[in-house]
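Trainee: Hi! Could you walk me through this one while I look at it?
Mentor: Happy to. Ask whatever comes to mind.

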Amino acid sequence: MRYDAVIVGGGIAGLTSATFLSKNGYKILLCEKEDKVGGLASSFYYDGFLFDSGARGIIDSGIVKPMLQQLNINVEFVKSIVTIGIEKEAIRVETIDSLNDYREMLVKLYPDSENDIDIILHEIKKVMDYMDVLYGIENPLFKDLKKDKDYLFKTFFPWLFKFLAKSGKIKNFNLPVYDYLSQLTDNQSLIDIISQHFFQKTPASFALSYFSLYLDYEYPLKGTLDLAEKLKEYIIKTEGVIKTSTEIKKIDLFNKTLLDQNDQYYEYNQLIWAADTNQLYKSIDMETIDDSKIKKGIEKQKKLLKGKRAGDSIYSLYLAVDLDNQYFKKKSSGHFFYTPDKKGQSTIFEKLETVSKATEKKEIFDWMSEYLDYTTYEIAIPALRNEKLAPKGKTGLMVSVLMDYDFISNIKSLGLYEEFKYFAEDKMISVLDDSIYGEIRQKVIHQFSSTPLTIERLSGNLEGGITGWAFTNDDIPTITKMTKIKKTCNTPIPDILQAGQWTFSPSGLPISILTGKIAADKAAKTLKKGIRQ
């Protein structure tokens, strides 16, 4: 059967592309290799507790809600207030004035570095100002600029002038955040505490703007999967076709056909690849290409992708505990970034490359134990956003730390994977029990965990990466400038577009939605042109 468009990948980008194409009357097929759609926008129930397996919250960024509004889809959100805690101190990030609370907390922890803290906070405010401009309006891609003149003249044009004025200045913050902060203070602990929230070599422009993003966090009342489910329902309602447990193995460019793992063929006029980019180029049957220019473009892209690493992944502990959500409410909000010790992890992290190749169990486990003593934990508690997401009187928590793919892969190869997971779970519970949650160990009902290998297996994401390409790559094989984001969908292959977190860096849920919409718009334009001809 021939489809106007086939979308490969049922994460949030693929769902967005499929939804908008189906909305506009095109005959579409969405193929997802797992048994359900959603990708990293996913939730599941375990013994009555809801856990989010991907995103712990959603940042609107002028994208998510305008997209839903344009589709007339209702997803009920609640404000997801972020708490930042260090040792026994904690502050809630509720308004821009919370920066003053953040300052007071840092000064209390580092009284001898007060001047440095003020300098750092000044830089944070500058970056926040730039990012507030960047994401300060409803994204024009979700507006009908020909009809909405009020938005065009009163919102878009004034914003555009501000954006052009600010966009050049953000280049001043291109250094990795760790290096940037090192120019402002020689307090290593202070540098660590601010920078260890982020992936390796995260640019200061991205990391220092995060206070703005904390103010923008919201949470779907039914869990993050609700967003994906509503898009899925829309596709089905508009007669789009979704095939789960369907992995595309081969692309015939000459006949414009796809072959899945069961040797079933699908014909397309436009193909949108919203899955791992490497798999796209592995799937192409080069023997079906006669055009030397196309072949050259594909080979160039393969060379560009060779050896490129994915961004850091996470290790997540899922806990169901016999404690009422009020116990946790006294300590934080439902989204909590907590660092149990202000010492910082930099000296421990310096050993990572060595320990990722270690063969001795003691060396590996000792490093993990020390890392968990000093790293920053992202703790998400769904029942503090909606008490119905856990059984009455009980609470579920997702506790995550940044985790290196090579480190976990080495453990797997040594046959220590399951033993290591149990050890890591126990250590994380101990750290929380000894610091912020003094009663948690004896109240655990269920505990289990996931690693970068779990994310890679379930999502198909290279190395379990959760924001696309690593900043540690010499050259990031995708567009990184917002001014060029409309080109993210382009590939060197006729009638094949791309979308998702592998097409723009750094990428999260809002950017995945945006690239999905860009790809859908371009596919629709090509399809319309074909109809007219």
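Trainee: What classes of residue make up the lining of the second largest cavity?
Mentor: That lining has six nonpolar, one polar and two charged residues. Keep in mind that this is a predicted model.

Trainee: Okay, and which residues line the second largest cavity?
Mentor: Gln200, Asp312, Phe349, Leu352, Trp367, Tyr371, Leu402, Met403 and Asp404. Two elements give two or more residues to that lining: helix H16 (361-374) and strand E17 (395-403).

Trainee: How much space lies in the second largest cavity?
Mentor: About 60 Å³. The structure holds two cavities of 30 Å³ or more, and the largest has a volume of about 130 Å³.

Trainee: What lines the largest cavity, then?
Mentor: The lining is made up of Ile84, Tyr102, Ile124, Ile194, His197, Phe198, Ala207, Leu208, Tyr210, Phe211 and Tyr214. Helix H9 (residues 210-214) gives the most, with three residues.

Trainee: And how do the residues of that lining divide by class?
Mentor: Into ten nonpolar, one polar and no charged.

Trainee: Switching to the largest nonpolar core: which residues touch the most other members?
Mentor: Ile84 and Tyr102, out of the 49 residues in that core. Helix H4 (residues 114-134) gives the most to the core, with ten residues. You have met Ile84 and Tyr102 already, in the lining of the largest cavity.

Trainee: Which residues is Ile84 in contact with?
Mentor: Leaving aside neighbours within four places in sequence, Ile84 is in contact with Glu89, Ala90, Ile91, Val93, Tyr102, Met105, Phe211, Tyr214, Phe336 and Phe337. Tyr102, Phe211 and Tyr214 from that list also appear in the lining of the largest cavity.

Trainee: I clicked on Glu123. Where is it found?
Mentor: Glu123 is in helix H4.

Trainee: Is Glu123 buried or exposed?
Mentor: Buried, because its relative accessibility is 10% and the cut-off for buried is under 20%. Not counting residues up to four places away in sequence, Glu123 touches Phe173, Tyr180, Leu184 and Leu208.

Trainee: Let's talk pockets. What volume does the second largest pocket have?
Mentor: About 1100 Å³. Its lining has 33 residues, and the closest to the centre are Pro140, Leu141, Lys486, Lys517 and Asp521.

Trainee: Which elements give two or more residues to that lining?
Mentor: Helix H1 (12-23), helix H5 (149-167) and helix H20 (509-532). The largest share, eight residues, comes from H20.

Trainee: How does the lining of that pocket look by class?
Mentor: There are 18 nonpolar, five polar and ten charged residues.

Trainee: Which peptide bond is cis?
Mentor: The bond from Ser505 to Pro506 is cis, with omega near -5°. Pro506 is found in the loop between strand E19 (496-498) and H20.

Trainee: What about phi of Lys201?
Mentor: Phi of Lys201 is near 60°, a positive value in a residue other than glycine. Lys201 has its place in the loop between helix H7 (188-195) and helix H8 (204-207). At 52% relative accessibility, Lys201 counts as exposed.

Trainee: And Asp263, what is its phi?
Mentor: Asp263 is not a glycine either, yet its phi is positive, about 65°. Asp263 lies in the loop between strand E12 (257-260) and strand E13 (265-273). With a relative accessibility of 57%, Asp263 counts as exposed.

Trainee: One more topic, helix H18. How far apart are its end C-alpha atoms?
Mentor: They are 26 Å apart. That agrees with the expected span, because 18 residues (417-434) at 1.5 Å a residue should span 26 Å.

Trainee: Which residues of H18 are buried?
Mentor: Among them are Tyr417, Phe420, Met428, Val431 and Leu432. Ile429 is also found in helix H18, and Ile429 counts as buried because its relative accessible area is 2%.

Trainee: Which residues is Ile429 in contact with?
Mentor: Setting aside neighbours within four places in sequence, Ile429 is in contact with Leu317, Leu319, Ile440, Arg441, Val444 and Gln447. As for Leu352, its C-alpha atom and that of Ile429 are separated by 22 Å, with the two residues 77 apart along the chain.

Key
Residues numbered from 1 in each chain as written. Predicted model: local features only at pLDDT ≥ 70, side-chain atom pairs only at ≥ 80, totals over all residues. Heavy atoms only, no water. Core = buried A, V, L, I, M, F, W, Y, C linked by side-chain atoms within 4.5 Å. Buried < 20%, exposed > 50% of the residue type's maximum accessible area, 1.4 Å probe, protein only. Helix = DSSP H or I, 4+ residues; strand = E, 2+ residues; numbered from the N terminus. Contact = heavy atoms within 4.5 Å. 1 Å grid on protein atoms, 1.4 Å probe; cavity = no way out; pocket = protein on both sides within 12 Å on 5 of 7 lines; lining within 4 Å. Points joined across faces, edges and corners; volume = space filled by probe spheres on them. Nonpolar A, V, L, I, M, F, W, Y, C, P; charged D, E, K, R; others polar. Expected span 1.5 Å × (residues − 1).
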